[in-house]
Amino acid sequence: SRPRHRIRKASGCPRLGEQRPAGRKSPGGTDLGRVIAITNQKGGVGKTTTAVNLAASLGDRGRRVLLVDTDPQGNSTSGLGVNKKGLEHSTYHMLVEGERADAAKISTQFRNVDLLPAGIDLAAAEIELVDLPERVFRLRAGLLPVKEQYDYILIDCPPSLGLITLNALAVSDSLLIPIQCEYYALEGLSQLMATVRQVKRLYNPRIDVEGVLLTMFDGRLNLTNQVVDEVKKFFPKKVFATVIPRNVRLSEAPGFGMPVLYYDRASRGAACYLELADELMKNRR
């Protein structure tokens, strides 16, 4: 039988015993304007949950955060309590009409968190981008003017490897990959990494993997430990020590239009995303 991974708990949050090495030091010791794409073309792995809750946790830690919703479903937008219907400015207008982020971003009720929202019209952007000039750099053109206004810019990507995701990868310093602890966890990741290598070669030579986040984690299950083994082989030295467990409060919070930190700060889900924010900041020093 497989040996079980050593897992320790802190603040009610399970963590893998092995830490990632510290990342590259940022200029001036800060992460000013660091752009992170949260992506995995496999759906249901916790991309939006991570985008919303990591943004809120970084904001709670005093970092200025811009969350960019590039998923036509707009779940990050509604997850921050913003009505998707009737948006006058959105990421669609940035990608298709060349609007700048200053015109489209909105303040949220959550500490230090601004939002570039997505509406239903974003579903058409994938087709409309095909014939536009600089079609892979549209998001970058919109974000660059506001980049230094934030410590972190998080991009919630759609579950695909189309032009919208390519736009996100072309502007990002790194990508954070949520992976669900289930049987088909690594399905499609070879294609994702091949796309990242192509983006690195053609459009964005600085992009790298920020880290892999294990979600819906249950350390009591043999399957979970098998998935951890496989993920560590696929992404050596890139797996976050913080893992996100199954948590009822994490599932409930979007229905109230708020991150779990504001819905139930004492919950296990809130503790884990706060620890993820701490780990992300620590690894960039």
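Let's start at the surface, where Tyr-183, Tyr-184, Leu-221 and Leu-223 make a nonpolar patch of about 440 Å². Patches here are built from residues with over 30% relative accessible area and no salt bridge, joining like charges within 9 Å and nonpolar side chains (Val, Leu, Ile, Met, Phe, Trp, Tyr) within 5 Å. The areas come from the Shrake-Rupley method with a 1.4 Å probe, and for residues only the protein chains shown count as cover. A salt bridge, for this talk, is a side-chain nitrogen of Lys or Arg within 4 Å of a carboxyl oxygen of Asp or Glu.

Please keep in mind that this is a predicted model: local features need pLDDT of at least 70, side-chain atom pairs count only at pLDDT 80 or more, and totals for chains, interfaces and linings use all residues. Residues are numbered from 1 along each chain as its sequence is written, and side-chain values use heavy atoms, leaving out hydrogens and water.

Back to the patch: Leu-223 sits in helix H9, residues 222-234. Helices (H or I, at least four residues) and strands (E, at least two) are DSSP runs, numbered from the N terminus. With a relative accessible area of 34%, Leu-223 is partly exposed; buried means under 20%, exposed over 50%, and partly exposed in between, with a 1.4 Å probe and protein chains only.

Now the inside. In soluble globular proteins, nonpolar side chains tend to be buried together. The largest nonpolar core has 53 residues, and Leu-139, Leu-143, Ile-155, Ile-177 and Leu-214 touch the most other members. Helix H7 (residues 163-171) gives the most to this core, seven residues. A second, separate core of 33 residues includes Cys-13, Ile-36, Ile-244 and Ala-253. By core I mean a set of buried Ala, Val, Leu, Ile, Met, Phe, Trp, Tyr and Cys residues joined through side-chain atoms within 4.5 Å.

Have a look at Leu-139 too: beyond four places in sequence, its contacts include Val-68, Met-94, Ile-155 and Val-171. Contact means heavy atoms within 4.5 Å.

Next, two loop residues. Gln-41, between strand E3 (34-38) and helix H1 (47-60), is buried at 15% relative accessible area. A polar atom of the Gln-41 side chain lies 2.5 Å from the backbone oxygen of Gly-188. His-89, in the loop between helix H2 (75-79) and helix H3 (91-97), is partly exposed at 32%. The His-89 side chain makes a polar contact of 2.9 Å with that of Glu-99. Such a contact is a pair of N or O atoms within 3.5 Å; within protein, one must be able to donate a hydrogen and the other to accept it, and residues adjacent in sequence count only if both atoms are side-chain atoms.

And finally, which residues are linked in a network of salt bridges? They are Asp-60, Arg-61, Arg-265 and Asp-278. Arg-265 and Asp-60 meet at 2.9 Å, N to O, and this pair links distant parts of the chain, 205 residues apart. Arg-265 is partly exposed at 46%, whereas Asp-60 is buried at 15%. Asp-278 pairs with Arg-61, their closest N and O atoms being 2.8 Å apart. Asp-278 lies in helix H12 and Arg-61 in the loop between H1 and strand E4 (65-69), so the pair ties together parts 217 residues apart in sequence. The structure holds twelve salt bridges, so there is plenty to explore after coffee.
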